[in-house]
Every structure is written in C-alpha cells, then in structure tokens.
Amino acid sequence: MEQPSGSPVRVCQFSPDSTCLVSGAADGTVVLWNTQSYKLYRCGSVKDGSLVACAFSPDGNLFVTGSSCGDLTVWDDKMRCLHSEKAHDLGITCCDFSSQPVSDGEQGLQYFRLASCGQDCQIKIWVVSFTHILGFELKYKSTLSGHCAPVLACAFSHNGQMLVSGSVDKSVIVYDTNTENILHTLTQHTRYVTTCAFAPNILLLATGSMDKTVNIWQFDLETPCQARSTEDEAKQFPEDWSEDDVSVWLCAQGLNDLVGIFKMNNIDGRELLNLTKESLADDLKIESLGLRSKVLRKIEELRTEVKTLSSGIPDEFLCPITRELMKDPVIASDGYSYEKEAMENWISKKKRTSPMTNLVLPSVVLTPNRTLKMAISRWLETHQK
C-alpha cells in the first residue's frame, strides 16, 4: 500500500472495527484504505501543512486529522470533509477521542469528547456528535491549563474519566475529564515527555520520554487521583544519588555487568561524577577499553545534565544542537524547537535529518516559535541577576 502522492507517511490509524485504515502524509494528503482488499477507497488532502495526528471516533462514523499548521479537520467514513478550523497556533501535535460517550441530558443524544494538543502549550477539549439525521457538530468546550511548553502527547483512560498529557516541560499531567481539575502532576522524567498511554482494562499509565525511559504509574484503586511511581522517584540531581540509584542508572544505560563492581566499591552519585579514565582502569579494574570509553561517555552526558540543572535554565529553553539558551527559536518539521542559526547550519552541512530523531525531515521550512521566545523572555526578565 503506497501513499498515492509518494510523500512520507507520518500517521496511520485503524477504524474501531478494523475495516478501514487512514494514513496521513507529510504533504497533507489523507488516504482511507479498505483493509479487507488492501485497496485505496478514497483520497483527500488538507489545505496546508503535514499530517501529524489522527484519531477515529469510537463508533467509527468519523475521524479527525491534525496538521502541523494547526488545523483540525473532521472527515466522515466516506472521506467527506465535514469541518475544518484552526485549533492550535504553531501546529497540532496529537489528538485522541474518549471511548466513552457523554449525554446532553436533554434529547438523549450521545456525544464524544475529543482532546487536541499543540505547540501553543494548550490542550483543548471538544464535543463531537454525528448522526445521519441531524448531521455533524463540533463544539469547542474548554482549554486545560498546566503545561508551560508544547504538549506532545495525550490519551484518555479506558473509562473516559481521566486524560493524561506529556509535554516539553518534562511533566505529565493527569486531569479529571468531568471537573477538568488536575488530579496529579508527575515530574519524574528529565527530558521531553513524548508519549503516554493508559492500559485498556486496569489502572496503569505508561509515559515515555527523550530521557530514554518508560515509566509505569500505578493508580490507587480507591482514589485514582493519587498516582505513584512503581519505583521510588529518582532524585533530580545525580550528585545526590545513592549507590542503589547508581545501579539503576547503570542498568538504564545497558551497563548491567558493572553493577556489582560499582557496589563493591561503594560508588554513589558524587563518586560517579568524579570517575576518570585512570580510576576506571586502575581502581575499578575495568580492563575493556571499549567499556571504559562507553562509561566515560555516559558520565560526561550526566555531567552536562548536572551543569544544566545547576544553571537553573529550563531544559526546554536550550537548543538541542548547541545546548545554549535560545535567542531566536524556530520549529522544524520534526516538531522540535531549535536556535534558528544552529538549525540552518545543521541543514546546510548535513543531510536533511532531524537532530533529535535522525529521521529525514519532510520539509526544511523553519517556523518562528513565538510562544517559546516569549516564555524565554519572561524567564530572563525574572532572572536578570
């Protein structure tokens, strides 16, 4: 099954009954496929931007797509465009339908909640209904606050009672969908939170991050608002790590074989940061040159992280390429923000790949990230000293 336009496919989604598949591409084309025959059923396109998000309604009567230009477009199951509007400045990043319908209480009609997230740091809640008799209706309901940076992921719980979101601000927020209050803010991740998912039948939540970890969260059965990590929350500063924390870090880096050696020598966080090539060879007796080099690289990454934390500069304000405070942030087609000059140099000297994902960039267009620039300016005003 090849996208007719020949453009790279960015998103795909099965319908609830698995009879259809939607694929969206970097050039804005949308294709509805028949999964029984594997043939193209209908094709369409959005007016501008790349397709970066897609979700089917639980009844399968319609689906929505989100573009990098911020447009939310609704299609029916015959691929007719029902509605399109600008939902998020600077682009949509994800969207999700709640599987549980809500009733209007008057005519007994059922509606579905839709959440959309964007580069504008917002989560918007929409109410969607579609019947062949009354037609289609999309209503903006509210905006959820809590994140101070672009929101990269969202997901409803299986019963529709909770919504979780992950952000560039490194936090995970769990909302009550009825009251729209924040139930819990989870701050264990040390880098952008890029994905999140609720388990289908039990109260478990998974969150994934650029810090190369997946965290599993358990909800108390009686009070789901009290989420707790299945492991003790990691200390923020590596120099405060215990010997056990160092062991956890070693395992996360794929250095499980060194846990015993480090424990035998009582290496805690402070000692870890002070390790050198000589101490690894002479004191810890690590004979393999390749292994010593790998450990030193990982420790250097840790030292850089400590330096960033000590400086007090929020990580999302630093350019991923230069690791310096951004003055003119731009959004690339991979969805991440970079210092304009650094990204322009990257594109001119390298292949058209993303510095963050190593995937080919569908476009080299750089869009000014005014929201992030304002946030950096505000931060600088309060930290001038």
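## A covered strand to start from

Strand β11, which runs over residues 110-118, is mostly covered, with eight of its nine residues buried. Keep in mind as you look around that this is a predicted model.

Two other strands pair with β11. One of them is β9, made of residues 92-97, which joins β11 in the antiparallel sense over five bridges. Within that pairing, I92 stands opposite G118 of β11. The other is the short run β10, residues 102-103, and here the pairing with β11 is again antiparallel, with two bridges. If you would like a residue pair to look for, take S103, whose bridge partner in β11 is Q110.

## A look at V102

V102 is a handy residue to visit next, as its place is in strand β10. Is V102 buried, exposed or partly exposed? With a relative accessibility of 23%, V102 counts as partly exposed, because buried would require a value under 20%.

V102 also shows how the fold brings parts of the chain together. Along the sequence, V102 and F112 are 10 residues apart, while in space their C-alpha atoms are 6.1 Å apart.

## The sheet from β1 to β4

Now turn to the beginning of the strand numbering. Strands of a sheet pair through backbone hydrogen bonds, and the pairing can be parallel or antiparallel. Here, four strands make an open sheet with the order β1-β2-β3-β4, and their pairing is antiparallel. At the edges are β1 (9-14) and β4 (39-45), each of which pairs on one side only. From one strand to the next, the twist averages 20°.

For a closer view, follow β3, residues 29-34, as this strand pairs with β4 in the antiparallel sense over six bridges. One place to find on screen is N34, which has K39 of β4 as its bridge partner.

## The sheet from β14 to β17

Further along the chain, another open sheet has four strands in the order β14-β15-β16-β17, with antiparallel pairing. Its edge strands are β14 (151-156) and β17 (182-186), and each of these pairs on one side only. The twist in this sheet averages 15° from one strand to the next.

Inside the sheet, β15 (residues 162-167) and β16 (residues 172-176) pair in the antiparallel sense, and five bridges connect them. Which residue of β16 is the bridge partner of S165? The partner is I173.

## Repeats in the record

An unreviewed UniProt entry lists "repeat: WD" for residues 2-43, 55-76, 144-185 and 186-220. Two of these spans can be described in the model. Residues 55-76 are 64% strand and 0% helix, and the C-alpha atoms at the ends of the span are 12 Å apart. For residues 144-185, the figures are 52% strand and 0% helix, with the end C-alpha atoms 13 Å apart.

## Two cavities

Rolling a probe the size of a water molecule over the atoms shows where empty space is left. How many cavities of 30 Å³ or more does a search of the whole structure find? The search finds two. The largest cavity holds about 70 Å³ of space, and its lining consists of Q119, P150, L152, V168, Y192, E316, G335, Y336, S337 and L372. By type, the lining residues of the largest cavity are six nonpolar, three polar and one charged.

The second largest cavity has about 50 Å³ of space. Its lining is formed by R113, I125, L144, F156, L163, Y175, D176, T177 and E180. These divide into five nonpolar, one polar and three charged residues.

## Two loop residues with positive phi

Finally, two loops are worth a visit. M79 lies in the loop between β7 (71-76) and β8 (81-86). The phi of M79 is near 70°, a positive value in a residue other than glycine. M79 is buried, with a relative accessible area of 8%.

K212 is found in the loop between β19 (204-209) and β20 (214-219). K212 too is not a glycine, yet has a positive phi of about 70°. Is K212 buried or exposed? K212 is exposed, because its relative accessible area is 64% and the cut-off for exposed is over 50%.

Notes
Residues are numbered from 1 along each chain as its sequence is written. This is a predicted model: local features need pLDDT of at least 70, side-chain atom pairs count only at pLDDT 80 or more; totals for chains, interfaces and linings use all residues. Side-chain values use heavy atoms; hydrogens and water are left out. Two strands pair if DSSP finds at least two bridges between them. Axes are lines fitted to C-alpha atoms, for helices over the stretch in contact, and angles run from 0 to 180 degrees between N-to-C directions. Buried means under 20% relative accessible area, exposed over 50%, partly exposed in between (1.4 Å probe, protein chains only). On a 1 Å grid over the protein atoms alone, a cavity is a set of points where a 1.4 Å probe fits but cannot get out, and a pocket is an open set with protein on both sides within 12 Å along at least five of seven lines; lining residues have an atom within 4 Å of a point. Grid points are joined across faces, edges and corners, and a volume is the space filled by probe spheres set on the points. Ala, Val, Leu, Ile, Met, Phe, Trp, Tyr, Cys and Pro count as nonpolar, Asp, Glu, Lys and Arg as charged, and the others, Gly among them, as polar. UniProt positions are given in the numbering used here, feature names are shortened, and annotations may be inferred rather than shown by experiment.
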